[in-house]
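This report walks through one protein model, from its overall make-up down to single contacts. Please keep the sequence and the 3D view at hand while reading.

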Amino acid sequence: MPELLQALRLATHLVISGDPELAGVVSLSLRVSLTATALAFLVGAPLGAALAVARFRGRRAAIVLVNTLLGLPPVVVGLLVYLLLSRSGPLGNFGLLFTPGAMILAQAVLGLPIIAALTHRALSALWRDYGDALSIDGASRWRAAYELLRMGRAALVTAFLAGFGRAIAEVGAILIVGGNIRGATRTMTTSIALETSKGDLPLALALGLILVSLSLLVSTLVLSLERRAPDS
């Protein structure tokens with residue numbers, strides 16, 4: 001117990017003092033996860049809107065696929081991205097493996113189904129409520145999708161935050177494609193795993209405190225948006 005309290009005290013000191021190594025890891029984690037979430041959102045939100053409004057052959061199968069991908073194991077995503085980016089893979093010439101770019105791609109793949117599924121769910125409810133009114137106004141389905149995206153801004157922010165929460169907490173996929181290289185591809189989650197295995201508990205605890213704080217912030221924002229959604 002005294003050892004744990006001492007490690008916690010040192011971890012708090014690292015956070016308050018702005019330890020350079022700690023700051024570098026946190027900064028890289030935020031850059032990678034925010035970029036990955038933005039890319040996932042750019043694809044996932046329109047996809048979710050299309051699934052909610054458009055009617056086309058295979059739509060139901062596409063919805064099932066998106067929902068199935070919610071449970072896709074991160075290590076499988078890491079393996080697939082690794083195969084794509086390896087020297088013998090189709091994207092091997094870009095030299096992205098073991099770089100932040102590879103980690104962004106892996107996190108984007110993981111976040112996309114979450115954003116698409118949440119967007120589809122929210123906009124489907126709006127379509128049931130306002131679809132007839134939009135149809136009466138003569139709006140095309142694509143224009144209707146745009147109007148629903150505008151009306152469901154709070155739901156879209158919630159989807160973005162959920163995707164970011166998945167990305168920032170990921171370890172398996174980015175460990176495979178990033179390599180956990182110090183100063184280059186080491187994020188909060190991979191650093192926690194490494195420092196814990198090395199016995200450096202203060203740094204691991206400091207990163208854990210920051211990661212938990214970010215997760216708490218995201219959860220609070222999501223809950224706040226969900227409570228305000230009926231009034232939006």
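What percentage of the 232 residues in the protein do buried residues make up? The share is 41%. The model is a predicted one, and every value below was computed from it.

**Overall make-up**

The protein contains 10 helices and 0 strands. Its pattern along the sequence therefore reads α-α-α-α-α-α-α-α-α-α, with the elements taken as DSSP runs numbered from the N terminus. Along the principal axes, the C-alpha trace spans about 70 × 45 × 25 Å. The accessible surface of the protein is about 12,600 Å², and carbon and sulfur atoms account for 66% of that surface. Of the contacts between residues at least 6 apart in sequence, 73% join residues at least 24 apart.

**Helix 7 and an aromatic pair**

Helix 7 covers residues 153-168. With 16 residues at 1.5 Å a residue, helix 7 should span 22 Å, and this agrees with its end C-alpha atoms, which are 22 Å apart. Several residues of helix 7 are buried, among them Ala-154, Leu-156, Leu-161, Gly-163 and Phe-164. Phe-160 is not in that group: its relative accessibility is 25%, so it counts as partly exposed.

The number of aromatic pairs in the structure is 2. One of these is formed by Phe-41 and Phe-160, whose arrangement is edge-to-face, with 5.8 Å from centre to centre and 75° between the planes. Phe-41 belongs to helix 2 and Phe-160 to helix 7, so the pair links parts of the chain that are 119 residues apart. Phe-41 has 22% relative accessibility and therefore counts as partly exposed.

**Salt bridges**

How many salt bridges does the count come to? There are 2 salt bridges, and both appear in the table.

| Salt bridge | N to O distance |
|---|---|
| Glu-21 and Arg-182 | 3.4 Å |
| Glu-195 and Lys-198 | 3.5 Å |

Glu-21 lies in helix 2 (residues 20-53), while Arg-182 lies in the loop between helix 8 (172-178) and helix 9 (188-198), so this pair ties together parts 161 residues apart in sequence. Glu-21 is partly exposed at 29% relative accessibility, and Arg-182 is exposed at 60%.

Glu-195 and Lys-198 both lie in helix 9; because they are 3 residues apart, about one helical turn separates them. Is Glu-195 buried or exposed? Glu-195 counts as buried, because its relative accessibility of 2% is under the 20% cut-off. Lys-198 is exposed, with a relative accessible area of 56%.

**A nonpolar surface patch**

Which residues make the nonpolar surface patch of about 480 Å²? The patch is made by Val-75, Val-76, Leu-79, Leu-80, Leu-83 and Ile-176. Helix 4 (residues 74-85) gives the most to this patch, with 5 residues. Val-75 lies in helix 4 and counts as partly exposed, at 47% relative accessibility.

**Another approach between distant residues**

Thr-12 is a residue of helix 1 (residues 2-17), and its relative accessibility of 33% makes it partly exposed. Thr-12 and Pro-202 are 190 residues apart along the chain, and their C-alpha atoms are separated by 8.2 Å.

Conventions. Residues are numbered from 1 along each chain as its sequence is written. This is a predicted model: local features need pLDDT of at least 70, side-chain atom pairs count only at pLDDT 80 or more; totals for chains, interfaces and linings use all residues. Side-chain values use heavy atoms; hydrogens and water are left out. Patches are made of residues with over 30% relative accessible area and no salt bridge: like charges are joined within 9 Å, nonpolar side chains (Val, Leu, Ile, Met, Phe, Trp, Tyr) within 5 Å. Accessible areas come from the Shrake-Rupley method with a 1.4 Å probe; for residues, only the protein chains shown count as cover. A salt bridge is a side-chain nitrogen of Lys or Arg within 4 Å of a carboxyl oxygen of Asp or Glu. Helices (H or I, at least four residues) and strands (E, at least two) are DSSP runs, numbered from the N terminus. Buried means under 20% relative accessible area, exposed over 50%, partly exposed in between (1.4 Å probe, protein chains only). The expected span of a helix is 1.5 Å times one less than its number of residues. Rings of Phe, Tyr and Trp (its six-membered ring) pair if their centres lie within 6.5 Å; planes under 30 degrees apart count as stacked, over 60 as edge-to-face and the rest as tilted. Contact means heavy atoms within 4.5 Å.
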